[in-house]
Amino acid sequence: MKTEGSTVHLAIADHDMEWMMQALQGLNSHKQIKVTVFANTGRDLVERVASMDVDAVLMEYSMPDMTAVEVVKKLAEDSPGTLIFAVTNSLTEQLLRTAKSAGVKEVFFKPNFSPAEAGNRIVAEVDAFRRELSLAAQKHGRIEKGTGPIGVKIQKEYVTRTLKQVVVLTHNIKGGVGKSTIAVNLAAAIKMSPYYSGQRVCLVDFDCGGANVATYCHINDNATYNRNIYNWLSVSPDVSAREVEEMLIKGPQGIMIAAAPINLAHAEKISYDLADKILKILKNYFTVIVIDGAPNLSAPIDSAMLHATHILLVANAEGQSVRQLAKTVALFSPEPDFPEKPDMSHILNKMFLVVNYAQAPTEYDLKKADIASVVGRPLIAEIPYDKTVRKALHGPYEKVAVELDPGSDFSLAIKKLSNDICGAYPDGIRGEDDEKKPSKGLFSRLLGR
Ligand SMILES: Nc1ncnc2c1ncn2[C@@H]1O[C@H](COP(=O)(O)OP(=O)(O)OP(=O)(O)O)[C@@H](O)[C@H]1O
Ligand SMILES: [Mg+2]
């Protein structure tokens, strides 16, 4: 449980981008607030808050598609630990009564909105709520983690929220940017979290032919020869849990691996329908699914993009990888000159930029802010170049980097990413929450400020 005084993760939502920018800047300068999510619609807000670790929401009372009251109702199940605050231009007594009786904590008047005052109020409410939870936890004791089926409230989460299923895909058509490295270590880091150790985590290799996952997890070719996703061709959709288990290989920390075929003739048989069937089945058995993407837009990747809750656009600091991502983002973005283009915003909205320094720094490296502005999606993580990655891959240890050196800069960045995706490390990560640096939100990170 987060302690009183620790960082408050805040989501801001408004269709008015200018107001949101101003509020973001003001609230980010509050020493206990970190803006981690922003949204232009109620739907996006609900989706992001439910899948990320957010303590409070500050939203325009009347979004084009939803009011704050509707957001409270929608989040009551998916994220009951999140407190909702609203702002409005037309603050009437009637509105205030409706809002508060529905559970909105406070409604601020937009024309004289003060980020400092609102920030203090939000932090005070969140801290009071944390105090209440910690008293409740002391009174009722703790529930052992992992004692129930998927979705059952576990350990300290029982008072705040249930664990939500996440499906993460690493993507870039460019090779060598760190897709496999991040996928493998992210899956292991989530499983290493005390909150997720009792949950089932699956790592899926959709880089058919490349098959990096098995290599990176130190699994030998004999194991993957007999057990890989090609074997799922003959499986019926109502396959039993035991049969699913038999087609997977045990990996680091007990994560289960759906390996890619090494045989190229088999790799070519992994169609959209097969990939879709595999993911549908796995979603019945796993809380967390991490998919290692291929350096192409092949059939399994199309399917993974639809199933994903988070598409991590992985860029290194080189121009080619960044331009490639900008092209992918453009592919899913609306084009004003081409109104017949199908609406792909459901995919676009799940895309987050990860800057991964996969190579040792050079003078030609692009700056983080330039990468973010070219790609045009929110920066969710920055992962340093770290020799631990190569040591884990090439050394004699048979471990992945986050296991080999959990305190390395690389491991801390991966844990932070896993917290932003599914709240795996809500109590803070050494070296991050301990330092009281002024917090930086998505917008300032995006703009490199
Ligand atoms: N943060 C990092 N620090 C140091 N080395 C890294 C880091 N990230 C990745 N690497 C190294 O960079 C190389 C490429 O990474 P990786 O194989 O994960 O890329 P990829 O995007 O999956 O490539 P492909 O598309 O070819 O499968 C590997 O040798 C890996 O060990
Ligand atoms: Mg790879």
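For sorting a lining by class, Ala, Val, Leu, Ile, Met, Phe, Trp, Tyr, Cys and Pro count as nonpolar, Asp, Glu, Lys and Arg as charged, and the others, Gly among them, as polar. Keep that scheme at hand for the exercises below, which use a predicted model.

**Exercise 1. Sort the residues that line the second largest cavity by class.**

Solution. Start with the list: T181, V184, N185, Y216, H218, V389, A392, L393, K399, V400 and A401 line this cavity. Next, apply the scheme: Val, Ala, Leu and Tyr count as nonpolar and Lys as charged, so K399 goes to the charged class, while T181, N185 and H218 fall to the polar one. The tally is 7 nonpolar, 3 polar and 1 charged residues. Finally, add the setting: the cavity has a volume of about 90 Å³, and the structure holds 7 cavities of 30 Å³ or more. Helix 6 and helix 16 each give at least two residues to the lining of the second largest cavity.

**Exercise 2. Describe the second largest pocket: what is its volume, and which helix supplies the largest share of its lining?**

Solution. First, the volume of this pocket is about 330 Å³. Then turn to its walls: 23 residues line the pocket, and G176, G178, T181, Y216 and A358 lie nearest its centre. Helix 6, helix 7 and helix 16 each contribute at least two lining residues, and helix 16 has the largest share, with 4 residues. By class, the pocket lining divides into 10 nonpolar, 9 polar and 4 charged residues.

**Exercise 3. Place ligand 1: which pocket does it sit in, and how many residues surround it?**

Solution. Ligand 1 sits in the second largest pocket, the one you have just described. Around ligand 1 there are 21 residues, and the closest are G176, K179, T181, N212 and Y216. Helix 6 (179-192), helix 7 (212-216) and helix 16 (387-394) each supply at least two residues of this shell. Its classes come to 10 nonpolar, 7 polar and 4 charged.

**Exercise 4. Find polar contacts of ligand 1, and state what percentage of its exposed area the protein buries.**

Solution. Look for N or O pairs within 3.5 Å. An oxygen atom of ligand 1 lies 2.9 Å from a side-chain N or O atom of S180. On the nitrogen side, a nitrogen atom of ligand 1 is 2.9 Å from a polar side-chain atom of N356. With D386 the partner is a backbone N or O atom, 3.0 Å from a nitrogen atom of the ligand. As for area, ligand 1 taken alone exposes 630 Å², and the protein buries 88% of that.

Conventions. Residues numbered from 1 in each chain as written. Chains lettered and ligands numbered in written order. Predicted model: local features only at pLDDT ≥ 70, side-chain atom pairs only at ≥ 80, totals over all residues. Heavy atoms only, no water. Near = heavy atom within 4 Å. Polar contact = N/O pair within 3.5 Å; in protein donor to acceptor, adjacent residues only side chain to side chain. Areas by Shrake-Rupley, 256 points an atom, 1.4 Å probe, with all protein chains shown as cover. 1 Å grid on protein atoms, 1.4 Å probe; cavity = no way out; pocket = protein on both sides within 12 Å on 5 of 7 lines; lining within 4 Å. Sits in = over half its atoms within 2 Å of the grid points. Points joined across faces, edges and corners; volume = space filled by probe spheres on them.
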